[in-house]
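This report walks through a few local features of one protein chain, moving from its surface to a pocket, then to backbone geometry and charged pairs. Please keep the sequence and the model open while reading.

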Amino acid sequence: MSQRIALIGLGTIGMSMAGLHLSHDNTIVDVFDTRPHFEDYLCSSLPNFLSPDSPSVPSLIASGRLNIHNTLETTCASATIVQEQGPENLAFKQDIWAKIESSAPDTAHFWTSTSGIAASAQQRNMQDKTRLLVVHPFNPPHIMPLLEIVPSPTTAPERVEFARGYFSRPGSRHRPVVIRKEIPGFVGNRLAFALLREACYLVQEDVVNAKDLDTILMASLGPRWAGNGVFESYQQGGGEGGIEAFLQKLGGTMQEVWNGLGQVNVLGEEGTAWKDKVIAQTNEAYGEFSAEQMREKEERLKDLVHVQTKKYGHVEPDV
C-alpha cells in the first residue's frame, strides 16, 4: 500500500528519515522546515542520505515523490503519516501536535522521533490521543536498523501495529521493536547511557584513558553484542547450564562490580570535574569532528549491519 508521509523538521534525523522513506518506491514525501533557504539546504544535504541507485533530488521533485512546502498546513493536508523531528522541547511538541492534528486528515498516523519525551506528555493539547506514538530511530536511521516504537497508554493498538508493519515490510532492513511501557530514554538510550556513565567514571578515576576504553569496548563487547546481544551472549557463556549457570558461577563477582559502579553527575557545577578530563582525552584521541570522519563511520556501520544479516548455518528453534 502506498503512503504519503509528511516530515516536519529536516535536521540530521529528519534528512535521514527522508532517505529511509524515499528508499521505498511506493512513498510520497512532503517536507517542511522553518530554516532559511530550506530548499537549497535540502538539495545539498539530502543526497548524502540517499542510496547510490536512488533518483537525484531534482528527479524526485520533478516526479512528485518529494514535495517542498512553505506551511505546516499544506505539508500535512494529504498525509497518511505525519512524522515530527523537532527540538527536544516538551512545550514545542505539545504545541506542534495540536497544529498538526488540526491540519492532517482524521485517519493520519502521528509519529514523533523524540529521543526521550513520552508520547503521553506530548498529547496534552490534542483532541484524539489515540493517534500519537514515538518512533525513536538510532542515528542515522537510514542505516541503523533499530526503531523503538513507544505508544502511550492511550495509543490505539492498531496504530502501534501499523507502525510496526510499516518498518518491517518485506525487503526492509529495519527492525522495529515495540516498547511495552513508557520510561525515560526508552531502552536503547538507557543501555547506552548506563555504559557511558561507567565509562566516564573509569576515566575520572584514572583506571583507563578514553582511547584505551574505546579499544577495550571495540575489541570485546562490541563485536560480541553485535553478533548475539546481551542475554544470548550470557546464555552461551554459561555453557550447558546457560545463563543460569553463568549467574551461579560469577554471581559473587557480578555483585561486587554492581555494588561499586560509579556515580557521576552530568548536571550542575558540583562533582563534574570528570567532564573536563573526558572531553580533553577524547579530543586528544580523535580530534575535532569532520565530514570525512562521519562518512567513514557511516560506511563502517553499513558493513557491520550487513554482517548481521548473513546466515552462518544457525537454525531457529521451533516455537
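Which residues form a nonpolar patch on the surface? The structure is a predicted model, which should be kept in mind throughout. In this model W225, V230 and F231 make up the patch, and together they have about 310 Å² of accessible area. V230 belongs to helix α11, which covers residues 230-237, and V230 is partly exposed, its relative accessible area being 35%. That value fits the patch because members of a patch need over 30% relative accessible area.

**The second largest pocket**

The second largest pocket has a volume of about 760 Å³. Its lining counts 31 residues, and those closest to the pocket centre are N48, F49, H142, I143 and E298. Two or more lining residues come from each of the elements α1 (12-22) and α14 (291-308), and of the contributors to this lining α14 gives the most, with nine residues. Sorted by class, the lining of the second largest pocket consists of 13 nonpolar, nine polar and nine charged residues.

**Backbone geometry**

Which residues does a cis peptide bond join? The bond lies between N139 and P140, with omega at about 0°, and P140 sits in the loop that runs between β6 (132-137) and β7 (146-151). As background, most peptide bonds are trans, and most residues other than glycine have a negative phi.

Two further loop positions deserve attention for their phi values. H37, a residue other than glycine, has a positive phi near 55°; H37 is located in the loop between β2 (27-32) and α2 (38-45), where H37 counts as exposed at 64% relative accessibility. D206, likewise not a glycine, has a positive phi of about 60°; D206 is placed in the loop between α8 (188-204) and α9 (210-218), and D206 is exposed, with a relative accessible area of 57%.

**Salt bridges**

How many salt bridges does the structure hold? There are nine salt bridges in the model, and the table sets out some of them.

| Salt bridge | N to O distance |
|---|---|
| D30 and R4 | 2.7 Å |
| K93 and E84 | 2.5 Å |
| E292 and R295 | 3.0 Å |

The salt bridge of D30 and R4 links distant parts of the chain, for D30 is in strand β2 and R4 in strand β1 (residues 3-8), 26 residues apart. Are D30 and R4 alike in their burial, or is one buried and the other partly exposed? D30 counts as buried, at 2% relative accessibility, whereas R4 is partly exposed, with a relative accessible area of 27%. The value for D30 leads to the label buried because that label applies under 20% relative accessible area.

For the salt bridge of K93 and E84, both residues are buried. The salt bridge of E292 and R295 has another setting: E292 and R295 are three residues apart in helix α14, and therefore they are separated by about one helical turn. E292 is partly exposed, with a relative accessible area of 48%, and R295 likewise counts as partly exposed, at 48% relative accessibility. Helix α14, in which this pair lies, is also the element that gives nine residues to the lining of the second largest pocket.

**Separations along the chain and in space**

Helix α14 is also the place of V307, a residue that counts as partly exposed at 43% relative accessibility. How are V307 and G227 separated along the chain and in space? V307 and G227 are 80 residues apart along the chain, while their C-alpha atoms are separated by 8.7 Å.

Another pair can be read in the same way. F162 is found in helix α7, which spans residues 157-167, and F162 counts as partly exposed at 21% relative accessibility. F162 and W274 are 112 residues apart in sequence, and from C-alpha to C-alpha they are 44 Å apart in space.

Notes. Residues are numbered from 1 along each chain as its sequence is written. This is a predicted model: local features need pLDDT of at least 70, side-chain atom pairs count only at pLDDT 80 or more; totals for chains, interfaces and linings use all residues. Side-chain values use heavy atoms; hydrogens and water are left out. Patches are made of residues with over 30% relative accessible area and no salt bridge: like charges are joined within 9 Å, nonpolar side chains (Val, Leu, Ile, Met, Phe, Trp, Tyr) within 5 Å. Accessible areas come from the Shrake-Rupley method with a 1.4 Å probe; for residues, only the protein chains shown count as cover. A salt bridge is a side-chain nitrogen of Lys or Arg within 4 Å of a carboxyl oxygen of Asp or Glu. Helices (H or I, at least four residues) and strands (E, at least two) are DSSP runs, numbered from the N terminus. Buried means under 20% relative accessible area, exposed over 50%, partly exposed in between (1.4 Å probe, protein chains only). On a 1 Å grid over the protein atoms alone, a cavity is a set of points where a 1.4 Å probe fits but cannot get out, and a pocket is an open set with protein on both sides within 12 Å along at least five of seven lines; lining residues have an atom within 4 Å of a point. Grid points are joined across faces, edges and corners, and a volume is the space filled by probe spheres set on the points. Ala, Val, Leu, Ile, Met, Phe, Trp, Tyr, Cys and Pro count as nonpolar, Asp, Glu, Lys and Arg as charged, and the others, Gly among them, as polar.
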